[in-house]
Amino acid sequence: MYFSWERHLPTASGSELYTQDKVFTFNTVEIKVEPSFKVRNGAPMSIICHADISKSADFQLKYNFTIFKDRRLVFMTVSDTGDARYEVPVAKSSDTGDYQCTVKADKKTGSSDPVHVWVTGMTKPTLTADKRDVLEGEVVKLRCELPEEEPPLQFCFRKIKTNSTPRETCVPEPYTNFSVLEVSVEEGDNILQFDCFGRRNVKLEWEDSAHSNKTLVTVREPFIKPTLTTVPSSNVTEGDQIQFECSTVVVRMHDIEIILQKNKSILNSVQDKKLLRYSTVATLEDSGEYLCKVEQGGASKTTKLNVVVSELFPKPTLVASMTKLDKNKELILNCSINGFQKANFSIIRKNANGDIPLKNSQTLKMRVNVNDTGSYTCKAEVKGIVKESKPVRINVYAPVSKPTLSVAGGLPEVVLGKPLQLICHSVMGTPPKTFRFYKGDDVEKIVINDTYATFLDENIRLNDQRGYRCDARNNHSSGVKTSDILNVTVVVPVRDASLGSVPYGEVEDGSEIAFLCSVKEGSLPILFRFFKKTDNEVLLFEKIEHRDRAMWHKETMKRQDTGTYYCVASNRANVDVRSQPITISVILAAWKKGVVAALVLITIAGAGALALWWFLRKKKKAKGPSMEMSGSALAANLTSEKLARQPNDGDYYSGSGYIEDSENHMKSTDENKDSMENRHSRISGHPDAT
């Protein structure tokens with residue numbers, strides 16, 4: 001950078017000369033730190049900013065120096081020289097940071113690169129406590145402060161107990177140079193000492209201060225550890241009255257609470273008292289560990305006591321004469337205690353809605369029904385102690401009824417190639433029931449269910465003559481009940497439908513025709529349907545036959561009956577089999593052709609007579625031409641006319657040929673008919689697959 005002043009001088013010719021003076025530029029601006037970039041906390045420190053400038057001449061400049069720390073202004077001065085000093089008499093850790101210097105002269109500015117200065121070490125913090133004498137459970141509030149340091153900081157508090165490792169708790173403080181921590185005084189904290197230290201992060205490194213002064217806190221017990229006793233203290237037996245006593249000595253009675261627990265369950269509690277009593281009739285379940293707890297504020301002390309209760313008598317045992325028995329049989333239930341006879345017994349039936357007492361006795365006799373199935377127990381009572389036996393399950397069975405076997409679809413039939421699903425159903429009888437399915441004499445499947453079972457037979461064969469049956473049984477002594485034999489009809493689907501007609505291919509208008517639809521195989525009866533193929537399929541005729549063919553006679557065929565015909569055959573297998581289509585053409589009848597030919601001949605004859613009359617009249621008027629020439633011209637004209645009409649005469653007079661063809665066709669259709677009859681006699685000879 002440079003700066004100049006220009007002066008204009010006149011010349012002899014009147015022009016001006018330009019001269020430059022007072023030109024300067026910044027070469028460098030840099031910062032130096034004394035004694036070094038790393039300064040000990042408490043030592044003096046100087047930040048020196050130096051500007052290196054080049055000038056065109058020796059002239060004076062005013063320099064404005066500005067020093068920043070972490071981009072915040074910390075020092076400003078004006079100097080006639082290129083140097084400025086920022087003195088820090090006592091360096092602190094808060095003086096750590098990045099320093100940068102900016103110099104302005106006239107309209108030019110120069111800046112240094114930032115320089116990091118690290119003031120090592122931190123000042124010693126001070127620690128104060130709001131209490132010096134506390135009770136167990138109370139809270140001490142501690143304050144640790146670093147007044148000469150700047151946040152962010154971290155404060156670590158230490159709780160020091162005799163003969164134990166100090167417990168340390170650290171609290172980050174991003175915005176203040178102090179921290180407050182509340183510490184609970186626990187049971188056993190007799191004499192406590194606290195101190196603290198500060199911590200900061202510099203360039204990703206932690207730096208700790210020295211530890212503060214130690215603060216002593218004296219702790220007193222608000223109450224003594226409780227005492228827990230029982231009366232009687234030993235040889236407790238079921239039925240004995242047992243009393244628990246829990247007591248303590250307190251400094252202040254206010255807010256004192258005593259709690260008695262067993263297995264975390266609270267048995268009794270008192271407040272603002274120093275004695276708790278709890279009594280109960282001892283049972284075996286009362287054996288175990290008891291806990292007496294005294295609480296006041298945040299203080300808590302406990303005492304434990306183990307209690308053993310001896311058994312007065314064992315649990316009773318319920319014995320049944322039978323656990324599985326038939327309906328209307330006698331059941332005997334007997335309740336007893338091993339080695340103990342003097343007790344009050346009762347027999348009970350268990351129920352989800354509550355126990356049902358049956359008899360206050362040691363023995364119960366009853367004739368059972370199915371509804372008596374369930375769980376039974378007995379109870380014995382001695383000296384107010386009631387004990388219950390383990391439950392005994394009693395199952396009462398009614399005999400199964402004769403099962404019925406049926407096809408899931410309803411009718412006793414199955415389509416060949418399809419699976420057959422059978423249902424065996426026994427209405428009566430106590431579940432569970434065991435069902436067995438038989439095909440012939442072979443057991444196919446065993447199922448255990450409540451009222452019915454299903455069986456799927458996927459191996460259906462055409463000539464399988466074996467019948468199906470099933471049986472059912474349960475735990476009743478009557479044994480097995482067997483169903484009637486079920487014979488299932490195998491329905492063979494229709495296969496290979498074909499359609500023929502007499503006559504075949506062509507039929508005269510007004511004549512009759514017979515269509516024959518037949519199948520190669522299929523169970524009877526068979527439904528035959530005849531269709532004419534149009535945009536919408538038209539059903540012409542349908543018939544159910546107990547044979548493999550069906551005939552449809554149509555007495556009169558018309559020209560509009562020309563078209564394509566086919567038939568569809570089906571049976572109970574519900575599979576439609578469609579034949580190949582045949583085309584029938586309805587042609588003009590022979591007598592109609594004769595009439596048309598006669599009309600054509602009459603028309604030609606009339607036209608010839610008219611022409612002859614016209615020719616003779618013209619000749620008479622002409623008077624010139626000779627008779628010979630006229631005759632030859634007429635002959636030529638007739639000849640040409642005859643030649644010209646021959647094609648038409650040929651279309652209409654091919655009757656002999658047509659009749660011959662028709663006779664040949666009728667002959668062929670008769671032969672075809674004989675062939676169809678023979679063919680259908682062969683089809684009808686197929687054995688019924690049912």
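# Reading disulfides, salt bridges and a sheet

User: What is the torsion about the S-S bond of C517 and C567, and how do I read the handedness?

Analyst: The torsion is about 70°, so the disulfide of C517 and C567 is right-handed. The model is predicted. The two sulfur atoms are 2.1 Å apart.

User: Which parts of the chain does the pair link?

Analyst: Find the strand of each cysteine, then the gap in sequence. C517 lies in strand β49 (residues 513-521). C567 lies in strand β53 (residues 563-570). The two are 50 residues apart, so this disulfide links distant parts of the chain.

User: Are C517 and C567 buried or exposed?

Analyst: Start from the cut-off: buried means under 20% relative accessible area. C517 has 0% relative accessibility, so C517 counts as buried. C567 also has a relative accessible area of 0%, so C567 is buried.

User: How many disulfides does the whole structure hold?

Analyst: A search finds seven. One of them joins C49 and C101, with sulfur atoms 1.8 Å apart. Here the angle about the S-S bond is -85°, and the link is left-handed. C49 sits in strand β4 (residues 45-55) and C101 in strand β8 (residues 97-105), so the disulfide ties together parts 52 residues apart in sequence. Both C49 and C101 are buried.

User: What is the handedness of the link between C424 and C470?

Analyst: Read the angle about the S-S bond again. It is 75° for C424 and C470, and their link is right-handed. C424 belongs to strand β40 (residues 420-425) and C470 to strand β44 (residues 468-473), so parts 46 residues apart in sequence are tied together. The sulfur atoms of C424 and C470 are 2.0 Å apart. C424 is buried, at 0% relative accessible area. C470 is buried too, at 0%.

User: On to charged pairs. How many salt bridges are there?

Analyst: The structure holds 33. For each one, read the N to O distance, then the place of each partner. Take E311 and K387: their closest N and O atoms are 3.4 Å apart. E311 lies in the loop between β28 (309-310) and β29 (317-320), while K387 lies in strand β36 (residues 385-388), so the pair ties together parts 76 residues apart in sequence.

User: How accessible are E311 and K387?

Analyst: Judge each partner on its own. E311 is partly exposed, with a relative accessible area of 45%. K387 is buried, with 8%.

User: Where do D457 and K439 lie in the chain?

Analyst: The side chains of D457 and K439 meet in a salt bridge of 2.8 Å, N to O. D457 is in strand β43 (residues 452-457) and K439 in strand β41 (residues 433-439). They are 18 residues apart, and the pair links distant parts of the chain. Both D457 and K439 are buried.

User: What is the N to O distance between R547 and E545?

Analyst: It is 3.8 Å, and their side chains form a salt bridge. The cut-off is 4 Å, so this distance qualifies. R547 counts as partly exposed, at 41% relative accessibility. E545 counts as buried, at 11%.

User: Which residues are linked in a network of salt bridges?

Analyst: Look for charged side chains that belong to a linked set. Here E34, R85 and E87 are linked in a network.

User: Now sheets. What is the strand order in the open sheet of three strands?

Analyst: Read across the sheet, strand by strand. The order is β20-β22-β25, and the pairing is antiparallel. β20 (227-231) and β25 (275-281) stand at the edges with a single partner strand each, so one side of each has no neighbour in the sheet. From one strand to the next, the twist averages 15°.

User: How many bridges pair β20 with β22?

Analyst: Five, in the antiparallel sense. β22 covers residues 241-247. As one register point, T230 has F244 in β22 as its bridge partner.

User: Last one, contacts. Which residues touch E295, apart from its neighbours within four places in sequence?

Analyst: Set the sequence neighbours aside, then list what remains. E295 is in contact with F223, D255, I256, E257, I259 and S300. E295 lies in strand β26 (residues 288-296). The C-alpha atoms of E295 and E257 are separated by 5.3 Å, although the two residues are 38 apart along the chain. E295 itself is partly exposed, with a relative accessible area of 27%.

Technical notes. Residues are numbered from 1 along each chain as its sequence is written. This is a predicted model: local features need pLDDT of at least 70, side-chain atom pairs count only at pLDDT 80 or more; totals for chains, interfaces and linings use all residues. Side-chain values use heavy atoms; hydrogens and water are left out. Two strands pair if DSSP finds at least two bridges between them. Helices (H or I, at least four residues) and strands (E, at least two) are DSSP runs, numbered from the N terminus. Axes are lines fitted to C-alpha atoms, for helices over the stretch in contact, and angles run from 0 to 180 degrees between N-to-C directions. Buried means under 20% relative accessible area, exposed over 50%, partly exposed in between (1.4 Å probe, protein chains only). Contact means heavy atoms within 4.5 Å. A disulfide is a pair of cysteine sulfur atoms within 2.5 Å.
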